[in-house]
Amino acid sequence: MEPVRAVPPPTRPEPPRAESPEAAVELARLLRAAGYESQSIQERLATGDELLARSPELPSYLRRLGAVDELALLLRLFLLGVPVARARFDELVGAELQAHLGGAGLLADDGEAVHGAARVVPHDELLIASDHAGAAEGHADHVPGVHRPSVALAHLTVRGEGERALDVGTGNGIQAILLAAHAEHVVATDVNARALAYATFNAALNGCRNVETRLGSFFEPVADEQFDLVVANPPYVVSPESAYLFRDSGLRGDTVSEQVVRAAPAALAAGGFASILIAWALDPDDPTVRPRGWLEGSGCDGFLLHTSTDDPIETATAWNRDLLDQPEAYADALDRWLAYYDELGIDQLGYACLVLRKRADGADGWLEAQHLPRAALRPAGRHVQTLFSTHDRLEAIASDADLFERRLRVVDDAVVTHETRFREGRWQSESLTLRLDSGLPFSAELDPHTARLIRDLDGSKTLRDALTAAVDDNAAQATGVALARQMLEVGFLELCD
């Protein structure tokens, strides 16, 4: 039997469009009413917490859909990219939903079969349309769906209320739509006109009327304008290719990350935040040296939230997975990418979300790095903002002696877990772990002295009093002060005064 593959329409469809804001919202309502939501899709396809696994699983998905009903047809068309017979479509899909799908340009009809003209994926309460993955080849302006870096950027964005916000390199518009929920006005830029068409449609589909799209490269469409919040997901991949606008900048090495980081401060109003996904050629002896140099004279403070460090093979593999079912092309791509890294002398690549805050005084800022655990990220904007405010407060505490006299408390989201093991006929303590139940997924192993210190830091006593109760010598107390400072820096503790 021939393998089952997603089948693109005979000709490449144009991006979908909203007939009117009201029609787009009604289309989203009708899709959800048909069961086109994350939970029902996961149950139908048995994908667990993931909405969809890899494309080689397509034959399995099609068989799991079972008896053909309206939802099964919609999933074939708009999630799996598989056409359905015209007669079957007319029989099972409601007339009102058919009319709205057709009006939005989401259907391609070759006479005998109906094709989904775009991929539509639920993400929590949102529906996001993009090009079908199988239609990417040969199209530099291909617009992908929401990938993990996009999710990470969303989780690490500091959000306020009523801001004027900017989304640089908007792609399918997911960041702009998330910004629109709390910002007064959002400007979304992209050099890819096809991406802007998708972003415009997705904003309408999700009921956002405060998103404005502008065509142009990075910050060019907003020259001389300033914003309270900037997010950027540029084509930061250090790549030898120029195949896709969303991935390949065409600039040598990590130049694109450098250019975006250097340009972002001018677009920020005083006190404003920017969250930028970057990749850079990492020096193992000083991992932050390149990003630090990019920020010199910027007038911004920053946290480099370091998500991963990959070697060249890991990076080449990650960004060419779409070729897995083409072994020869996959091998050629890996060799090409590895030769490029060798030419540039790159042994390691760093990936991070760089979060900036524009200083009101215009003075040179500071840059701190936090290596994030390889754990699933969750919404952490408030935690990131706390990192900045805590850094400010610690700068004002001139010495450890001063910190010694401050009252500290463990934050409300902190959790201590105690692991015990039954061994040699009795229960024995294995480990104590401190972790945060929300925000950034930091955790730390606790020794008995630190565990007692954590227990005593409830805001009622100074650090001196808590340390005196926990340890009995000066050297240990000095170590305890340094430890308390570290726990403040990552958000396990907070200052009470």
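**Close-up 1. What lines the second largest pocket in this predicted model.** The lining of the second largest pocket splits into 17 nonpolar, 15 polar and 4 charged residues. The pocket itself holds about 620 Å³. There are 36 lining residues, and those closest to the pocket's centre are N233, P234, P235, L245 and F246. Helices and strands chip in too: α7 (148-155), β6 (164-168), α8 (174-180) and β7 (185-190) each give at least two residues to the lining of this pocket.

**Close-up 2. The largest cavity and the residues around it.** Rolling a probe the size of a water molecule over the atoms shows where empty space is left. Here, the count comes to 3 cavities of 30 Å³ or more. The largest cavity has about 60 Å³ of space inside. Look for P9, R12 and P13, then G116 and A117, then D131, H132 and A135, and finally R194: together they make up the lining of the largest cavity. Sorted by class, that lining has 4 nonpolar, 2 polar and 3 charged residues.

**Close-up 3. Helix α1 packed against helix α6.** Two packed helices are described by the angle between their axes and the distance between the axes. For α1 (residues 21-33) and α6 (residues 95-103), the angle is about 135° and the axes are 10 Å apart. At that angle, α1 counts as oblique to α6, because only angles over 145 degrees go down as roughly antiparallel. The crossing of these two helices, α1 and α6, is left-handed. On the α1 side, the residues to pick out are A23, E26, L27, L30 and L31, and they meet E96, L97, H100 and L101 of α6. By class, the residues of this contact come to 6 nonpolar, 1 polar and 2 charged.

**Close-up 4. Helix α17 packed against helix α18.** Helix α17 covers residues 463-470 and helix α18 covers residues 474-490. They pack at an angle of about 130°, and their axes lie 10 Å apart. That angle is why α17 and α18 are described as oblique to each other. Which hand does the crossing of α17 and α18 have, left or right? It's right-handed. From α17, L463, L467 and T468 make the contact, while α18 brings Q477, G480, V481 and A484. Class by class, the contact of α17 with α18 has 4 nonpolar and 3 polar residues, with no charged ones.

Technical notes: Residues are numbered from 1 along each chain as its sequence is written. This is a predicted model: local features need pLDDT of at least 70, side-chain atom pairs count only at pLDDT 80 or more; totals for chains, interfaces and linings use all residues. Side-chain values use heavy atoms; hydrogens and water are left out. Axes are lines fitted to C-alpha atoms, for helices over the stretch in contact, and angles run from 0 to 180 degrees between N-to-C directions. Helices (H or I, at least four residues) and strands (E, at least two) are DSSP runs, numbered from the N terminus. Angles under 35 degrees count as roughly parallel, over 145 as roughly antiparallel, 65 to 115 as roughly perpendicular and the rest as oblique. A crossing is left-handed if the near helix is turned anticlockwise from the far one by less than a right angle, and right-handed if clockwise. Contact means heavy atoms within 4.5 Å. Ala, Val, Leu, Ile, Met, Phe, Trp, Tyr, Cys and Pro count as nonpolar, Asp, Glu, Lys and Arg as charged, and the others, Gly among them, as polar. On a 1 Å grid over the protein atoms alone, a cavity is a set of points where a 1.4 Å probe fits but cannot get out, and a pocket is an open set with protein on both sides within 12 Å along at least five of seven lines; lining residues have an atom within 4 Å of a point. Grid points are joined across faces, edges and corners, and a volume is the space filled by probe spheres set on the points.
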